[in-house]
Amino acid sequence: MSADGRFAPSPSGPLHLGSLRTALIAWLIARSQGGRFLVRIEDLDPQRSRSEHETSQLNDLRALGIDWDTEPVHQSERLFFYRDALGKLQTQGVLYPCFCTRAEIREAASAPHGALAEGAYPGTCRHLDAITRRQRVESGERFALRVHAGSTRIDWRDRLLGEQSGVVDDFVVVRADGVHAYQLAVVVDDAEQGIGEVVRGADLAESTPRQIHLQRLLGLPPVTYAHVPLVVAADGGRLAKRDGAATLAERDESPQATLAFLAHSIGLASGRDRVEAAAELLGEFDPTRIPREPLMLG
């Protein structure tokens, strides 16, 4: 399996320390195995993506000495690949239109549904007959496209989380506004770019069964996963602006000092208060020493 890795930020704001720590770990894992490291800009959502955020994100990575092997690609320029994948799913007969509003989805998902996890979509629109579907589509009613997953159970081993298992609900691959969904785009991109190990935040672990299911439907190569524990605020919650010092620009220290802080959090650069570039950490990096618990700031 390929040792190539990637970091794939959404250009919707500055990178916080958790994202930078994940990028560093992803870079170290790929480089320590002799793999390539790629950056992909996940800018499918035009309402949230900003070029200035992309620029600041790339500059922050450079400031830490995290480099990449090819020019960053943009999901917004890769729609052909997603449409091709959708065509394959359509041919298999696993797609169906979902007309549910967000409120209807929340109400339906709040009820128990057997093996599906709490909050999963129960397949409401899957049970519509063909005539009703056609009439609602022809009337101009907005709809998303979902994959009929059949409550498939997926088991996998995560480098950091260990043995994992989940049941796949009927998930969205095209949103009601026509934007290709994250689940579809990330699977297609990782395969097309030759990524062998996906390193990302632990908050995305619940997406993994859906993505493995898509890989299998599309006949794509499997990848391995490493979900990095999050960096959290002092109260254990997600980092927010009120927490302060959560981004490189907000910290009252040099990028080299922040890099040392991040290195210490994964058992590297002991006794050093500065690390000039990520490459200095490669010689002592051991992925088995990455902590399995969230890193708390403050």
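In the predicted model, the chain carries 34 positive and 41 negative charges, and the mean positions of the two sets lie 4 Å apart. The accessible surface of the chain amounts to about 14300 Å². Carbon and sulfur atoms contribute 50% of this area.

The chain contains eight helices and 12 strands. Along the principal axes, its C-alpha atoms occupy a box of roughly 70 × 40 × 40 Å. The radius of gyration is 20 Å, which agrees with the value near 19 Å expected for a compact globule because the chain has 298 residues. Of these 298 residues, 49% are buried. Among contacts with a separation of 6 or more, 75% are between residues 24 or more positions apart.

Nonpolar side chains tend to be buried together in soluble globular proteins. The largest nonpolar core in the model comprises 40 residues. Within this core, the residues that touch the most other members are Leu20, Leu24, Leu28, Phe37, Leu61, Ile66 and Leu281. Two or more residues each are supplied by α1 (17-32), β2 (37-41), α2 (51-63), β10 (224-228) and α8 (255-265). The largest share, 10 residues, is provided by α1.

The surroundings of Phe37 were examined further. When residues up to four places away in sequence are not counted, Phe37 touches Gly5, Arg6, Phe7, Ala23, Ala26, Trp27, Ala30, Arg31, Ile66, Asp67, Trp68 and Asp69. A second core, separate from the largest one, consists of 31 residues, including Leu89, Ala149, Val168 and Val187.

Technical notes. Residues are numbered from 1 along each chain as its sequence is written. This is a predicted model: local features need pLDDT of at least 70, side-chain atom pairs count only at pLDDT 80 or more; totals for chains, interfaces and linings use all residues. Side-chain values use heavy atoms; hydrogens and water are left out. Helices (H or I, at least four residues) and strands (E, at least two) are DSSP runs, numbered from the N terminus. The radius of gyration is taken over C-alpha atoms; the globule rule is 2.2 Å times the number of residues to the power 0.38. Buried means under 20% relative accessible area, exposed over 50%, partly exposed in between (1.4 Å probe, protein chains only). Contact means heavy atoms within 4.5 Å. Accessible areas come from the Shrake-Rupley method with a 1.4 Å probe; for residues, only the protein chains shown count as cover. Lys and Arg count as positive and Asp and Glu as negative; His and the chain ends are not counted. The place of a charge is taken as NZ of Lys, CZ of Arg, CG of Asp or CD of Glu. A nonpolar core is a set of buried Ala, Val, Leu, Ile, Met, Phe, Trp, Tyr and Cys residues joined through side-chain atoms within 4.5 Å.
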